Amino acid sequence: MSLLVIGSVAFDAIETPFGKTDKIIGGAATYISISSSYFSKEVALVAVVGEDFPQSKIDFLNSKGVDTTGLQIKEGEKSFFWSGRYHNDMNSRDTLVTELNVLENFDPIIPQEHSSPEFVMLGNLTPQVQQTVLNRLSNKPRLVVMDTMNFWMDIALEDLKKTISMVDVLTINDEEARQLSGEYSLIKASRKIMAMGPKFLIIKKGEHGALLFHQDEVFFAPALPLEEVFDPTGAGDTFAGGFIGYLAKTEDVSFENMKRAIIYGSVMASFCVEKFGTERIENLTQAEIDARAAQFMALSQVDLKIVERG
Ligand code: AMP
């Protein structure tokens, strides 16, 4: 089923305890599109870059089946740039630089042929732009999933809350859930955030997995303990791409199927962190994805026998 992806397409500069990159290709929508392309053949991207963005990377997205008709290239302008440094635990990071550049005045234009998608993934981007995209669709999609981050909570909270009220699923990390709700307990935070609009909430906890909330139910998906964690950048977006890609492929938006989707999201994220940037997720095989999904099943499956006390 058709999937419309929006979000940043960017240059990133990353520092981890294992090394440092110059400007490499990143951006929320880049990770989401690549990741979802392993599940859906109908991924369309709406985003903006400057004239500094390499054509070879756009060609690469096309080679993964991602339709980039909605990717605007702004002459004489620079692409969004983000730089971050990870702490030794690799679970937390500091943003060093955020240069909005082309994102500052981004007017998302949705090509006619992509204006009634069944699934929409609002990747990390100005909340006002995320909202504009929803307002410009011709039909109400079956499912809208939104990702955001603390940056927008700090500078555009009211716009952000308005956008949150328009979506079905919100994905954020634990720190952001606490900031948004003002609650330390993630259970209390989940209730407050779902009261803002989304029927489903995913709270990502990095190497400690992810929680899926719906009404009074909660499901936990572990993260795979990995030998090599090189660079967590984009793990959240890659997770979101796997999650929505799986839902679009299976055409089922029930809570039960979201449990499977969250595992596939975690499978994709587990690849992402193994190398810098998008490198590891660029050329995965179906066999690699299947093998990792099997590892996830083995990781938490247990045949529990309740023994009676004698
Ligand atoms: P993640 O590690 O999943 O949180 O996503 C990292 C990606 O988000 C990087 O590739 C950045 O280019 C992008 N990013 C960072 N800050 C922002 C922001 N304020 N708006 C949109 N995208 C951002």
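User: How far is a nitrogen atom of the ligand from an N or O atom in the side chain of S8?

Analyst: This is a predicted model, in which local features need pLDDT of at least 70, side-chain atom pairs count only at pLDDT 80 or more, and totals for chains, interfaces and linings use all residues. Residues are numbered from 1 along each chain as its sequence is written, and side-chain values use heavy atoms, without hydrogens and water. A polar contact is a pair of N or O atoms within 3.5 Å. For the ligand nitrogen and the S8 side chain, the distance is 2.8 Å.

User: Which residue has a side-chain N or O atom 2.4 Å from an oxygen atom of the ligand?

Analyst: G27 also approaches a ligand oxygen, but through a backbone N or O atom, at 2.7 Å. The side-chain atom at 2.4 Å from a ligand oxygen belongs to D12.

User: How much of the ligand's exposed area does the protein bury?

Analyst: Accessible areas come from the Shrake-Rupley method with a 1.4 Å probe. Taken alone, the ligand exposes 510 Å², and the share of this buried by the protein is 94%.

User: Which element gives the most residues to the shell around the ligand?

Analyst: Helices (H or I, at least four residues) and strands (E, at least two) are DSSP runs, numbered from the N terminus. Two or more shell residues come from each of strand 2 (10–16), strand 7 (80–86), helix 4 (150–155) and helix 8 (235–250). The most, three residues, come from helix 8.

User: How many residues surround the ligand?

Analyst: A residue is counted when one of its heavy atoms lies within 4 Å of the ligand. The closest are S8, D12, G27, G234 and D237, and the full number is 19.

User: Is F271 buried or exposed?

Analyst: F271 lies in helix 9 (residues 255–272). Buried means under 20% relative accessible area, exposed over 50%, and partly exposed in between (1.4 Å probe, protein chains only). F271 has 2% relative accessibility, so it counts as buried.

User: Which residue is 21 positions from F271 in sequence and 9.0 Å away, C-alpha to C-alpha?

Analyst: Contact means heavy atoms within 4.5 Å. Leaving aside neighbours within four places in sequence, F271 is in contact with R280, I281, L284, E288, I289 and R292. The residue at that separation and distance is R292.

User: What percentage of the residues in the protein chain is buried?

Analyst: The protein chain has eleven helices and 14 strands. Of its 310 residues, the buried ones make up 55%.

How values were computed
Polar contact = N/O pair within 3.5 Å; in protein donor to acceptor, adjacent residues only side chain to side chain.
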